[in-house]
Amino acid sequence: MAQTRPKRLIIDTDPGVDDSMAILFAFRSPEVRIEGLTTIFGNVGVEQTTRNALRLVELAGHPEIPVAMGAPKPLTRPFTGKGWEVHGRNGLGEAEFPEPEGQPDSRRAANFIIDTIMANPGEITLVPLGPLTNVALAVSVEPRIVENVREVVLMGGAANVAGNASPVAEANIRNDPESAHIVFHAGWPLTMVGLDVTEKTMMTPDYLDQLRAANNPFTDFISAITPHYLNFSKRLGLNGFPVHDSSALAYVIDPSLFDCRPAYVEVETRSEHYSGNTVPDWRGQRGQEPNVNVCVDVDSDRFLALYRERLTGVNA
Ligand code: BDR
Ligand code: CA
């Protein structure tokens with residue numbers, strides 16, 4: 001059987017407990033190859049997410065993979081997010097790790113995104129897992145990345161379900177709605193992996209114990225960073241935590257895990273209470289062409305089995 005070439009990824013990320021778990025999932029999956037990580041404020045500040053990204057490439061044994069630091073705040077408004085309450089002050093569940101040895105790339109994230117996409121036409125899949133500021137800056141400075149990217153698959157938004165950062169908005173979109181508006185209307189192939197699907201997949205304490213039992217450097221890291229995150233979910237009355245950022249990677253690795261529907265999606269930017277709301281026009285009442293492939297359902301059992309198999313090496 002002909003071997004298909006791995007998809008080449010730039011992951012734009014704010015690690016972050018679930019970002020870290022998603023990046024490790026990518027490192028263990030032969031369907032994808034990470035060309036670079038670009039970092040963004042979000043779960044914690046960008047200096048910290050950059051240190052965490054450097055730690056992750058070193059943990060994975062790939063210190064040569066570039067990590068480019070991105071925006072410290074949203075495009076037009078102050079940053080008011082409280083992600084550190086969920087992810088711990090260091091973004092890694094307050095677990096302690098040695099400082100990374102490497103340094104960030106000399107380019108800023110938006111420039112790295114532009115350079116890499118333009119040097120590899122049709123090749124790069126962009127996977128944003130945090131607020132969309134770097135991506136909005138990149139496409140504003142170099143609009144030709146729209147024709148030259150392979151596709152954009154982002155974790156963010158809530159189409160048919162309630163928000164998690166406000167009654168209507170998902171955190172990544174809420175943290176920079178103006179950038180999300182630019183990204184959603186840029187005209188590129190865009191898949192939204194939002195709360196509609198990410199909250200359907202839960203990693204329970206039992207599941208995390210199965211990962212822990214593998215006792216390899218990847219699962220040891222996951223076991224160290226997840227207790228704080230799990231406790232936050234417990235306080236919300238959940239038995240486990242929703243799988244946000246790894247869901248976007250799962251879509252890239254195996255889109256057949258998801259049901260998606262095309263829709264014209266608007267991002268609310270003006271309202272004080274509703275900004276960051278992603279509003280799909282399911283009935284076509286606005287008369288606009290769909291701009292987003294919206295994930296609406298997921299085969300969670302198959303996804304969780306895939307994640308476990310990739311991280312533990314055991315096909316249970
Ligand atoms: C998203 O917000 C962040 O806290 C997570 O890392 C994820 O990207 C979920 O709403
Ligand atoms: Ca994230």
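## Exercises: pocket, calcium site and backbone

α3 gives the most to the lining of the largest pocket, four residues. This is a predicted model, where local features need pLDDT of at least 70, side-chain atom pairs count only at pLDDT 80 or more, and totals for chains, interfaces and linings use all residues. Residues are numbered from 1 along each chain as written, chains are lettered from A and ligands numbered from 1 in written order, and side-chain values use heavy atoms, without hydrogens or water.

**Exercise 1.** Work out how much space the largest pocket holds and which elements line it.

*Step 1.* Start with the terms: a pocket is an open set of 1 Å grid points over the protein atoms alone, where a 1.4 Å probe fits, with protein on both sides within 12 Å along at least five of seven lines; lining residues have an atom within 4 Å of a point. Volume is the space filled by probe spheres set on the points, which are joined across faces, edges and corners.

*Step 2.* That gives about 810 Å³ for the largest pocket. Its lining has 36 residues, and the closest to the centre are G83, V86, N164, A165 and A171.

*Step 3.* Now map the lining to elements (DSSP runs numbered from the N terminus: helices H or I, at least four residues; strands E, at least two). Two or more lining residues come from each of α1 (17-27), α3 (83-87), α7 (171-174), α11 (217-235) and β8 (241-242).

**Exercise 2.** Find what R77 touches, and pick out its polar partners.

*Step 1.* Locate R77: the loop between β3 (67-68) and α3.

*Step 2.* Skipping residues up to four places away in sequence, R77 touches R174, P177, E178, T269 and S275 (contact: heavy atoms within 4.5 Å).

*Step 3.* Filter for polar contacts (N or O atoms within 3.5 Å, one able to donate a hydrogen and the other to accept it; sequence neighbours count only if both atoms are side-chain atoms). The R77 side chain meets the E178 side chain at 2.8 Å, and one of its polar atoms lies 3.1 Å from the backbone oxygen of T269.

**Exercise 3.** List the donors of the calcium ion (ligand 2) and say how they are spread along the chain.

*Step 1.* Donors are N, O and S atoms within 2.8 Å of the metal (3.2 Å for Na, K and Ca); water isn't among the atoms, so sites may look incomplete.

*Step 2.* The ion is coordinated by D14 (OD), D19 (OD), D19 (OD), L129 (O) and D245 (OD), at 2.2 to 2.6 Å. Written along the chain, the spacing reads D-x4-D-x109-L-x115-D.

*Step 3.* D14, in the loop between β1 (7-13) and α1, and L129, in the loop between β4 (124-128) and α5 (133-141), link distant parts of the chain, 115 residues apart. Both D14 and L129 are buried (buried: under 20% relative accessible area; exposed: over 50%; partly exposed in between; 1.4 Å probe, protein chains only).

**Exercise 4.** Look for backbone oddities: a cis peptide bond and positive phi values outside glycine.

*Step 1.* The bond from P15 to G16 is cis, with omega near -10°. G16 sits in the loop between β1 and α1.

*Step 2.* E94 has phi near 65° without being a glycine. It is in the loop between α3 and α4, and at 44% relative accessibility it counts as partly exposed.

*Step 3.* N215, also not a glycine, has a positive phi of about 55°. You'll find N215 in the loop between α10 (205-214) and α11, exposed, with a relative accessible area of 57%.
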